[in-house]
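Me: Please set out the fold of this protein in question-and-answer form, beginning with the terms required.

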Amino acid sequence: SAMPVPLFDTATPLAPLRADIDAAVASVLDSGKFILGPQVAAFEEEFAAYCGARHAVGVANGTDALTIALRALGVGPGDEVVVPSFTFYASAEAIPPTGARPVFCDVDPDTMCVTAETVRAAMTPRTKAVIVVHLFGNVAPVAGIEALGVPVIEDAAQAAGSTAEAGRPGSLGTLATFSFFPSKNLGCFGDGGAITTGDDALADRVRMLRFHGS
């Protein structure tokens with residue numbers, strides 16, 4: 001007889017961790033520190049180290065991560081951002097709030113990721129940044145795309161924990177963005193996201209932008 005297979009199963013992997021998780025949740029409730037605070041700071045430090053990046057900055061979700069990363073790079077009206085034509089809608093949706101225009105490029109059918117060739121074909125003098133999406137855990141060739149002379153943002157929402165010869169997603173481009181939506185390979189309770197970078201000045205700008213300029 002046919003057995004339904006859930007699209008993603010949250011209960012099974014949490015079962016052996018449940019007591020630790022309940023204790024951690026209780027400690028946050030007891031502390032009253034529900035926005036940012038010491039637990040987020042501790043996660044940022046651990047996640048940056050895991051990715052091989054100098055900085056990780058927690059944000060509300062993966063879409064905000066992309067928009068904030070673009071704004072930190074100074075992307076604005078009149079600019080273009082190259083983005084894969086094969087990706088989740090949010091990769092492109094995050095661009096118009098900056099005032100810039102998404103420009104779509106093709107992907108390599110073997111990896112479903114963009115390549116230096118497909119990105120180059122979509123670039124114009126107005127290209128201010130490129131969003132590469134590491135899809136299904138496959139890692140796009142960031143170094144070859146950065147060699148085209150434009151900052152690269154890694155959309156690594158589907159690649160937390162992937163590895164490539166160049167390193168882990170999150171450490172390969174100018175900035176990288178993550179979604180912790182529950183269906184992602186690193187999911188959270190509710191919604192969440194992060195931006196990683198090796199650039200101190202960009203990290204400061206990201207921290208300022210994530211909290212209304214504070």
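Reply: Contact means heavy atoms within 4.5 Å. Axes are lines fitted to C-alpha atoms, for helices over the stretch in contact, and angles run from 0 to 180 degrees between N-to-C directions. Helices (H or I, at least four residues) and strands (E, at least two) are DSSP runs, numbered from the N terminus. The model is predicted, with local features needing pLDDT of at least 70 and side-chain atom pairs pLDDT 80 or more, whereas totals for chains, interfaces and linings use all residues. Residues are numbered from 1 along each chain as its sequence is written, and side-chain values use heavy atoms, without hydrogens and water.

Me: At about what angle to E1 does helix H8 run?
Reply: Helix H8 comprises residues 200-210. It lies across E1, E6 and E7, and its angle to E1 is about 15°.

Me: In what order do the 7 strands of the open sheet stand?
Reply: The pairing is mixed, two strands being paired if DSSP finds at least two bridges between them. E1 (55-59) and E3 (101-105) each have a single partner strand, so they stand at the edges. The order is E1-E7-E6-E5-E4-E2-E3.

Me: Which element gives the largest share of the largest nonpolar core?
Reply: A nonpolar core is a set of buried (under 20% relative accessible area, 1.4 Å probe, protein chains only) Ala, Val, Leu, Ile, Met, Phe, Trp, Tyr and Cys residues joined through side-chain atoms within 4.5 Å. This one has 26 residues, with Leu 70 and Leu 175 among those touching the most other members. E1, E2, E4, H8 and helix H4 (62-72) each give two or more residues. The largest share, 6 residues, comes from H4.

Methods. Buried < 20%, exposed > 50% of the residue type's maximum accessible area, 1.4 Å probe, protein only.
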